[in-house]
Amino acid sequence: MTGLVTKSTGSWYYVRTENGNRYQCRIRGKFRMEGIKSTNPISVGDIVDFELEEQKDTGVITAIHDRKNYIVRKSVNLSKQTHIIAANIDVAFLLITIDNPPTFPGFIDRFLASAEAYNIPTVLLFNKMDAYEDKQLEYVEELTQIYSDIGYLCVEISATTNFNIDVVKELMQDKVTMFSGHSGVGKSTLINAIEPSLNIKTSEISLQHKQGQHTTTFAEMYELSFGGFIIDTPGIKGFGVVDFEPQEITDYFPEFFALKQDCKFNNCLHQKEPHCAIKKALKEDKIAPSRYYSYLQMLNKEEEHFRQNVRGEL
Ligand SMILES: Nc1nc2c(ncn2[C@@H]2O[C@H](COP(=O)(O)OP(=O)(O)OP(=O)(O)O)[C@@H](O)[C@H]2O)c(=O)[nH]1
Ligand SMILES: [Zn+2]
């Protein structure tokens, strides 16, 4: 039989078959994925083949189907092992608020670059639209212009007034999705607006996380009544730190990637090099200053907590 892993405890995997039946399965002996040194061979979102055990209603997983993507967290100790948080994500929604809390372009751009690196399509949701004043609304427009020009879908929503919640639901239908964003942007509120019966206790778990308990938190997948699944990743606000090689960062900024073959040097990092197509586009206002600053910041491995607006002003 074949099914979707919706939950993992570390030793048991909850597998849901196409027709909605659920089985608890385990893996027998050594079961390793080629090329990935991971603490968990199978994660939420994996599609697996399994066989039922004789005279039992539990199963044994025999194979994992190829993943189209997966997100990992590196262990904090020196073992360099990775923990696969979730696999086969169709869409990641990044919730952005202008205020309460502010979401800065540096954070958005690092998230988007990580999503590109992981090969996960991302939609930007501007939440709390009910609460903004004119200046903040203008800022949403500015951000929307920048990101929709690059090719990212931007949707203005309000989780408390249900504004455009039907649009979000439509984007989620029959897909495996996840919500990310700073603490307080409204992830739980939005999930409740979308599916009131779910009642995911994100804050409770993230509080536990903040207290520094190094227990491994496993992601869990919840079924949506209108079709599809939502992945809850307790205590994980984004994709974590992705170790980018300097040369590859350009590839994760789509509008840079589209131009890079026009740089004089094929190893151009778009800093001081002559005849750089990215610097030229920046001068011609074809690349947003904030995107370029985010790029430089990632290149120089600086922290993302810089406060700057889309014009690159501090
Ligand atoms: N005005 C307004 N407030 C909102 C909206 N969405 C959420 N809030 C409020 O923002 C606060 C934080 O919302 P949460 O849903 O707890 O945020 P969260 O992202 O789940 O936060 P963490 O669990 O810490 O990650 C709550 O007081 C919500 O009522 C919105 O669309 N408009
Ligand atoms: Zn260049």
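## Guided tour of a predicted model

Begin by selecting H270: leaving aside neighbours within four places in sequence, H270 is in contact with C263, C276, I278 and K279, two residues being in contact if their C-beta atoms, placed from the backbone, lie within 7 Å. The model is predicted, so local features need pLDDT of at least 70 and side-chain atom pairs count only at pLDDT 80 or more, while totals for chains, interfaces and linings use all residues. Residues are numbered from 1 along each chain as its sequence is written, and chains are lettered from A and ligands numbered from 1 in the order in which they are written.

**Stop 1: the annotated site**

H270 sits in the loop between helix 6 and helix 7. Helices (H or I, at least four residues) and strands (E, at least two) are DSSP runs, numbered from the N terminus. H270 is buried because 25 other C-beta atoms lie within 10 Å. The classes are as follows: a residue is buried if 20 or more other C-beta atoms lie within 10 Å of its own, exposed if 12 or fewer, and partly exposed in between, with C-beta atoms placed from the backbone.

Add C263, found in the loop between helix 6 (254-257) and helix 7 (277-283). C263 is also buried, as 21 other C-beta atoms lie within 10 Å. Residues up to four places away in sequence not counted, C263 touches C268, H270, H275, C276, A277 and I278. Which residues does the UniProt annotation "binding site" cover? In that unreviewed entry, the annotation covers C263, C268, H270 and C276. UniProt positions are given in the numbering used here, feature names are shortened, and annotations may be inferred rather than shown by experiment.

**Stop 2: the surroundings of ligand 1**

Select ligand 1 next, together with the residues around it. There are 18 of these, and S183, G186, K187, S188 and T189 come nearest; a residue is near a molecule or strand if its C-beta atom, placed from the backbone, lies within 6 Å of it. Helix 4 (187-194) and helix 5 (202-210) each supply at least two residues of this shell. Colouring by class gives 3 nonpolar, 12 polar and 3 charged residues in the shell. Here Ala, Val, Leu, Ile, Met, Phe, Trp, Tyr, Cys and Pro count as nonpolar, Asp, Glu, Lys and Arg as charged, and the others, Gly among them, as polar.

**Stop 3: the largest nonpolar core**

The largest nonpolar core has 69 residues, of which A86, L94, L95, I96, L125 and I231 touch the most other members. Its largest share, 6 residues, comes from helix 1 (residues 105-118). Such a core is a set of buried Ala, Val, Leu, Ile, Met, Phe, Trp, Tyr and Cys residues joined through C-beta atoms within 7 Å. In soluble globular proteins, nonpolar side chains tend to be buried together.

Centre the view on A86. Residues up to four places away in sequence aside, A86 touches S43, V44, G45, Y70, I71, M178, A219, I231 and T233.

**Stop 4: strands 3, 4 and 5**

Display strand 5 (residues 58-64), which runs parallel to strand 3 (residues 22-26) and is joined to it by 3 bridges. Two strands pair if DSSP finds at least two bridges between them. In this pair, R26 stands opposite V60 in strand 5.

Strand 4 (residues 47-52) runs antiparallel to strand 5, with 5 bridges joining them. F50 stands opposite I61 in strand 5. Strands 4 and 5 form a hairpin with 5 residues between them, and Q55 in the turn has a positive phi of about 60°.

**Stop 5: backbone details in the loops**

Select N100 and P101, whose connecting peptide bond is cis, with omega near -5°. P101 lies in the loop between strand 8 (91-96) and helix 1.

Move to N162, in the loop between strand 10 (153-156) and helix 3 (165-172). Although not a glycine, N162 has a positive phi of about 65°. N162 counts as exposed because it has 12 C-beta neighbours inside 10 Å. N164, in the loop between strand 10 and helix 3, has a positive phi of about 60° although it is not a glycine. Is N164 exposed or partly exposed? N164 counts as partly exposed, because it has 18 C-beta neighbours inside 10 Å.

**Stop 6: a long-range approach, then the whole chain**

Select Q297 in helix 8 (residues 289-299), together with G106. The two are 191 residues apart in sequence and 8.2 Å apart in space, C-alpha to C-alpha. Q297 is partly exposed, with 17 other C-beta atoms within 10 Å.

Finally, show the whole protein chain, with its 8 helices and 13 strands. Of its 314 residues, 33% are buried. Among contacts between residues at least 6 apart in sequence, 62% join residues at least 24 apart.
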